[in-house]
Amino acid sequence: MDAIALTNLSKRFGPVTALTDVSLRIGMNEVVGIVGDNGAGKSTLLKILSGFHQPSSGTMSIMGEPVTLTSVQHARLLGIETVYQDLALVKELSVYENMFLGREITRKRLGLLTMLDRKAMRETCAGYLQRLGLRLPSLDCEIGELSGGQRQAIAIARSTFAGGKILLLDEPLAAMGVREGAIILDLIRSFRARRDMTIVIIAHNHAQVLDVCDRVCLVQHGTVTLDKKSEETSVEELMRVICSGYAVSPQS
Amino acid sequence: MQELTRSGSRVAPSAAKRRLWNQSAITSYGAAVPLAVLIVVLALASPYFLTLVNIRNILLQSAILGVLAFGLTVALIAEEIDLSIGAVEGLTAVFAAILCIQLGVPWPVGALLAVLAGFLIGYANGVMTTVLDIPSFIVTLGTLGIASGVSLRLTDGNSISGFPAGYVVIGRGSLFGVPLSTIALFVLFLIIWFLLRWTRWGLRLYATGGNAAAAAELGLSPARLKTLALAISGACAGIAGVLISARLNSANGSLGQFDLLDAIAAVVIGGTSLTGGRGSILGTLFGVLIMVIIRNGLDLLGVSPFWQTAAVGAMILIAAILHKFAARLGS
Ligand SMILES: Nc1ncnc2c1ncn2[C@@H]1O[C@H](COP(=O)(O)OP(=O)(O)OP(=O)(O)O)[C@@H](O)[C@H]1O
Ligand SMILES: [Mg+2]
């Protein structure tokens, strides 16, 4: 069964055609990298998967079920979690408080008071982050004290902890140094090793994408022009295809 | 998978360590240091400072400022400000006086209605802030004006005196030598501390103040949380109104008009951030004690009230600078 199957998907924004006839199948627990130039339509594709945009035409199935996603909340109910650029973290709250915000663990005290169970939240969070191989100075430090890479990692961990089965990441490596990026790359590798999460990542660094993804899809002018297993392609091939796209075609 | 789950139940060694020295600890305990210094210095400077009479005096003065400052802390954590607290304190005092003295309402009912009036005014502040999307600074500035105008009109500039004896006990009575108003402050402290630290609501209030957009994205309701925060601030002002009128055994239209600045000073000294998401009720308690003890100490040392006002202003600035500095140290 495919986690995601797109058939002849198109998306128009008024006169602008962002996606034309995209057909794409992403297997269960596969890690797929989406690459392509600015304005190629990568984010649009991801936003359709996350329920943010509705396609102009074409069909989509999630986990084998045909669906028409109506909203981000709807997608979330189906296990599709998106980590946005702004991350939606509260920098004044600690790591574990952010992790559980909106679905706090509580326990009853004296039969009537519903209290936060900070110990349980803290320990569950520590266990989960350890399982992901994520190292932090402390769970009590505020998000504001963490580096950009660590924050991004926490945002991802929160989405997957929420029970998401499909994780969508739009440029999680943007504006990050080598060390910071490595935190995220390690996290993705750890999901990949465990094979319990389908991940779609948009990134610009081809070498990194080939390194952490099972498969890479090149999007050009709103269509998928290359779709190969990582080990069957190379940075050179991607470069060649991208550059040839700019050659003036004789027909026009 | 089995193996992963097993190790997953263990706590990650590096992350499991608790850190004592972090931002929220600085917020909560930062003001304890200057408070301790202040107490030691004044104890050495004046033999009268640590006498029972003077301590009782400090406790009495802390009660009203404390109640106001607690409410303001809740509002500030939600990234809202309540400038109307002093005026609402005055209005609810007058309201209680009219009910209990002029209309002959039983005093417990009068006191409760006064607190309820404070809550409703605060709730109205909250609704105007969140539903109409007007900054709370403006909304509560408006309420401040209305509340003080109404209390002056209701009293025609005079005092209403002569509360029932039971009512006066709230402000003047004591239990085992501890003033009842101090006990009230302590109970309120426990309630708000519990709400902020140990309930879902409290955590979400911090989240709302820190990043309302993120809170909304996670399905929390920032508008409702902010409204309730301002309502709590109003209710606290109502409690302060009851305490002050009970202590004075009278109410007049200008009651509480100078309390806003002292409350803001106490809250800021206590480490609560004006930009939301950060604040502690314990810090505010320390801030209140610092404010009251400074005034008390300067009185004992015979410093003129004019200099006292300047000293309070200087304290606010010093506190703000120290908190900024401590925050850098913490991260
Ligand atoms: N909401 C929108 N309204 C109108 N046009 C849009 C909208 N979103 C995207 N587009 C257009 O669709 C095309 C594809 O945009 P998209 O954001 O998907 O590109 P991208 O591949 O993510 O680029 P980048 O690498 O710069 O992020 C662009 O021409 C863009 O201007
Ligand atoms: Mg994009």
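Analyst: Let's start with a definition: helices (H or I, at least four residues) and strands (E, at least two) are DSSP runs, numbered from the N terminus. What you see above is a predicted model, in which local features need pLDDT of at least 70, side-chain atom pairs count only at pLDDT 80 or more, and totals for chains, interfaces and linings use all residues, while side-chain values use heavy atoms and leave out hydrogens and water. Residues are numbered from 1 along each chain as its sequence is written, with chains lettered from A and ligands numbered from 1 in the order in which they are written.

User: Thanks! Which element gives the most to the shell around ligand 1?

Analyst: That is α1(A), with three residues.

User: And how many residues surround ligand 1?

Analyst: A residue is near a molecule if one of its heavy atoms lies within 4 Å of it. For ligand 1 that gives 13 residues, the closest being A:N38, A:G39, A:K42, A:S43 and A:T44. By type, the shell around ligand 1 divides into four nonpolar, six polar and three charged residues. The classes are set as follows: Ala, Val, Leu, Ile, Met, Phe, Trp, Tyr, Cys and Pro are nonpolar, Asp, Glu, Lys and Arg are charged, and the others, Gly among them, are polar.

User: Which residues have a polar side-chain atom by an oxygen atom of ligand 1?

Analyst: The idea is the polar contact, a pair of N or O atoms within 3.5 Å. A:S43 is one of them: a polar atom of its side chain lies 2.7 Å from a ligand 1 oxygen. The backbone takes part too, with a polar backbone atom of A:A40 at 3.2 Å from an oxygen atom of ligand 1. For A:H204, an N or O atom in the side chain is 3.3 Å from an oxygen atom of ligand 1. Taken alone, ligand 1 exposes 630 Å², of which the protein buries 61%. Two elements of chain A, β2 (16-27) and α1 (42-49), give two or more residues to the shell around ligand 1. The areas come from the Shrake-Rupley method with a 1.4 Å probe.

User: How many disulfides does a search of the whole structure find?

Analyst: A disulfide is a pair of cysteine sulfur atoms within 2.5 Å. Over all chains the search finds zero. A:C213 is in no disulfide, and its nearest cysteine sulfur, that of A:C217, is 9.4 Å away. Seen from the other side, the sulfur of A:C217 has its closest cysteine sulfur in A:C213, too far for a bond.

User: Is A:C213 buried or exposed?

Analyst: Buried means under 20% relative accessible area, exposed over 50%, and partly exposed in between (1.4 Å probe, protein chains only). A:C213 counts as buried because its relative accessibility is 1%. A:C217 is buried too, with a relative accessible area of 0%.

User: What is the secondary structure of chain A?

Analyst: Chain A has eight helices and twelve strands. Its radius of gyration is 20 Å, close to the 18 Å that the globule rule gives for 252 residues, so chain A is as compact as a globular protein of that length. That radius is taken over C-alpha atoms, and the rule is 2.2 Å times the number of residues to the power 0.38. Along the principal axes, the C-alpha atoms of chain A fill a box of roughly 80 × 40 × 35 Å. Of the 252 residues in chain A, 54% are buried.

For a single residue, take A:I62 in strand β4 (residues 57-62) of chain A. A:I62 is buried, at 4% relative accessible area. Its C-alpha atom is 9.4 Å from that of A:I166, although the two are 104 residues apart along the chain.

User: How many helices and strands are there in chain B?

Analyst: Chain B has 16 helices and four strands. With a radius of gyration of 21 Å, close to the 20 Å from the globule rule for 331 residues, chain B is as compact as a globular protein of that length. Buried residues make up 51% of its 331 residues.

User: How should I read phi?

Analyst: Most residues other than glycine have a negative phi. In this model, B:D133 has a positive phi of about 60 degrees although it is not a glycine. B:D133 lies in the loop between α7 (107-130) and α8 (136-155) of chain B, and it counts as exposed, at 65% relative accessibility. B:N249 also has a positive phi, near 55 degrees, and sits in the loop between α13 (222-248) and β4 (250-252) of chain B.

Key: A polar contact is a pair of N or O atoms within 3.5 Å; within protein, one must be able to donate a hydrogen and the other to accept it, and residues adjacent in sequence count only if both atoms are side-chain atoms.
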